[in-house]
Amino acid sequence: MPKVAVLIPTRLKSTRLPNKPLAIINEKPLIQHVYEHAIAVHPAKDVYIASGDQEIIDIAQKFGAQCILTDASLPSGTDRISAALKEIDPDGTKYDIIVNFQGDGINVDPKLNLELISIMERTGADIVTVGKKITDLAEIQNPAYVKIAMGLKEGEDTGRALYFSRSPIPYHRDIDSVDEAYWHIGIYVYNAHSLKQFVSLPIGVLENREKLEQLRALENGMTIYAKIVKSVKLVEEAPADINTPEELEQAQHYFKI
């Protein structure tokens with residue numbers, strides 16, 4: 001059995017919703033809800049909150065979470081979990097697989113992590129992630145929806161990700177418009193060695209053009225598999241994660257103590 005660590009990257013700085021990890025949702029901070037969802041699926045001894053903010057660390061330790069204080073200036077959640085991994089597994093022998101469970105994903109079903117871990121074991125992929133079918137042409141054409149190019153046959157829901165783009169991909173030559181695409185959802189499971197390799201690589205040419213860090217992995221020959229799912233949510237009516245005051249209000253409505 002592979003040894004799995006779940007790392008929850010989180011920070012106070014947020015343009016649209018400052019201090020959101022500490023936003024109270026039914027008497028608990030957001031980050032506590034996320035942590036409790038994670039330990040409902042994974043052993044608590046292997047779940048860690050990684051943050052560059054001492055205030056988050058102090059509060060998380062009060063509700064019993066293991067925490068790693070990282071450099072506050074790290075540019076991304078991927079860099080943050082990599083830095084945390086160096087702290088909890090300095091010689092690289094404790095963990096084989098790393099789950100990046102986002103600190104604002106209050107409504108993301110953590111059982112999905114188990115499926116992604118299984119895919120990684122089966123395929124030997126460097127990274128495993130998630131996608132969802134989209135058929136709305138406006139969403140397909142919207143650069144905010146990152147698309148995945150995958151060569152899935154009928155009945156398949158898992159395969160190798162060939163490219164990620166903000167543009168509609170792949171091009172459908174025989175029809176007037178794209179009638180289906182795969183929307184990339186930023187949930188990641190990493191091979192521990194591959195995570196260390198990934199953060200050591202320079203920013204790629206395609207990554208810089210599209211502003212998508214997963215392209216750095218593809219540019220350097222790493223393999224990414226994706227699973228297409230119908231939903232990633234625990235509660236279908238609520239937002240998957242919290243980014244705005246409106247989404248916070250919705251979460252307060254749906255997540256009870």
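Select Asn191 to begin: this residue is found in strand 10. Before going further, keep in mind that you are looking at a predicted model.

**Stop 1: Asn191 and what surrounds it**

Is Asn191 buried, exposed or partly exposed? With a relative accessibility of 26%, Asn191 counts as partly exposed, because buried means under 20% and exposed means over 50%. Now show the residues that Asn191 touches, leaving out those up to four places away in sequence: you should find Asp96, Met120, Ala125 and Asp126.

Next, turn to the side chain of Asn191 and look towards the start of helix 6. A side-chain oxygen of Asn191 reaches to within 2.9 Å of the backbone nitrogen of His193. The side chain of Asn191 also reaches the backbone nitrogen of Ser194, at 3.0 Å.

**Stop 2: helix 6**

Follow the chain into helix 6 and select residues 192-200. Which residues are buried here? Colour Ala192, Ser194, Leu195 and Phe198, the buried residues of helix 6. Look down the axis: these residues cover an arc of only 155 degrees, which puts them on the same side of helix 6. Turn the helix around and you will meet His193 and Ser200, which are exposed on the other side.

What covers the buried residues of helix 6? Show helix 3 (77-88), strand 6, strand 10 and helix 8 (214-219), which are among the elements that do so.

Keep Phe198 selected and add Arg216. Arg216 lies over the face of Phe198, at 4.5 Å from the ring centre. For a sense of scale, compare Arg216 with your starting point: Asn191 and Arg216 are 25 residues apart along the chain, and their C-alpha atoms are separated by 16 Å.

While you have rings on screen, you can hunt for aromatic pairs. The count for this model comes to four. A pair of aromatic rings is described by the distance of the centres and the angle of the planes.

**Stop 3: helix 4**

Now select residues 111-123, which form helix 4. Here is a small check you can do yourself. At 1.5 Å a residue, the 13 residues of helix 4 should span 18 Å, and the end C-alpha atoms are 19 Å apart, which agrees. If you wonder how the 18 Å arises, the expected span is 1.5 Å times one less than the number of residues.

Colour the buried residues of helix 4: Leu112, Asn113, Leu116, Ile117, Ile119 and Met120. Seen down the axis of helix 4, these buried residues fall within an arc of 160 degrees, so they line one face of the helix. On the other side of helix 4, pick out Lys111 and Arg122, which are exposed.

Several strands help to cover the buried residues of helix 4, including strand 1 (4-10), strand 6 (97-100), strand 7 (127-134), strand 9 (158-165), strand 10 (181-191) and strand 11 (224-228).

Zoom in on Asn113, which lies in helix 4. Asn113 has 1% relative accessibility and therefore counts as buried. Leaving aside neighbours within four places in sequence, Asn113 is in contact with His42, Val99, Phe101, Ile187 and Val189.

Step just past the end of helix 4 to Gly124, where phi takes a positive value of about 75 degrees.

**Stop 4: Thr158**

Select Thr158, which lies in strand 9. The side chains of Thr158 and Asp157 are joined by a polar contact of 2.9 Å. Setting aside neighbours within four places in sequence, Thr158 is in contact with Ile119, Arg122, Met150, Leu152, Tyr225, Ala226 and Lys227. Ile119 should be familiar from the buried residues of helix 4, and Arg122 from its exposed ones.

**Stop 5: backbone surprises**

Most residues other than glycine have a negative phi, and most peptide bonds are trans. The last three selections depart from that pattern.

- Select Pro170, in the loop between strand 9 and strand 10. A cis peptide bond joins Ile169 and Pro170, with omega at about -10 degrees.
- Select Glu27, in the loop between strand 2 (24-25) and strand 3 (28-29). Although Glu27 is not a glycine, its phi is positive, at about 75 degrees. Glu27 is exposed, with a relative accessible area of 69%.
- Select Lys211, in the loop between helix 7 (205-210) and helix 8. Phi of Lys211 is near 60 degrees, again a positive value in a residue other than glycine. Lys211 is exposed, with a relative accessible area of 54%.

Definitions and conventions. Residues are numbered from 1 along each chain as its sequence is written. This is a predicted model: local features need pLDDT of at least 70, side-chain atom pairs count only at pLDDT 80 or more; totals for chains, interfaces and linings use all residues. Side-chain values use heavy atoms; hydrogens and water are left out. Helices (H or I, at least four residues) and strands (E, at least two) are DSSP runs, numbered from the N terminus. Buried means under 20% relative accessible area, exposed over 50%, partly exposed in between (1.4 Å probe, protein chains only). The arc is that of the directions from the helix axis to the C-beta atoms. Contact means heavy atoms within 4.5 Å. Rings of Phe, Tyr and Trp (its six-membered ring) pair if their centres lie within 6.5 Å; planes under 30 degrees apart count as stacked, over 60 as edge-to-face and the rest as tilted. A charge sits over a ring if NZ of Lys or CZ of Arg is within 6 Å of the ring centre and within 35 degrees of the ring normal. A polar contact is a pair of N or O atoms within 3.5 Å; within protein, one must be able to donate a hydrogen and the other to accept it, and residues adjacent in sequence count only if both atoms are side-chain atoms.
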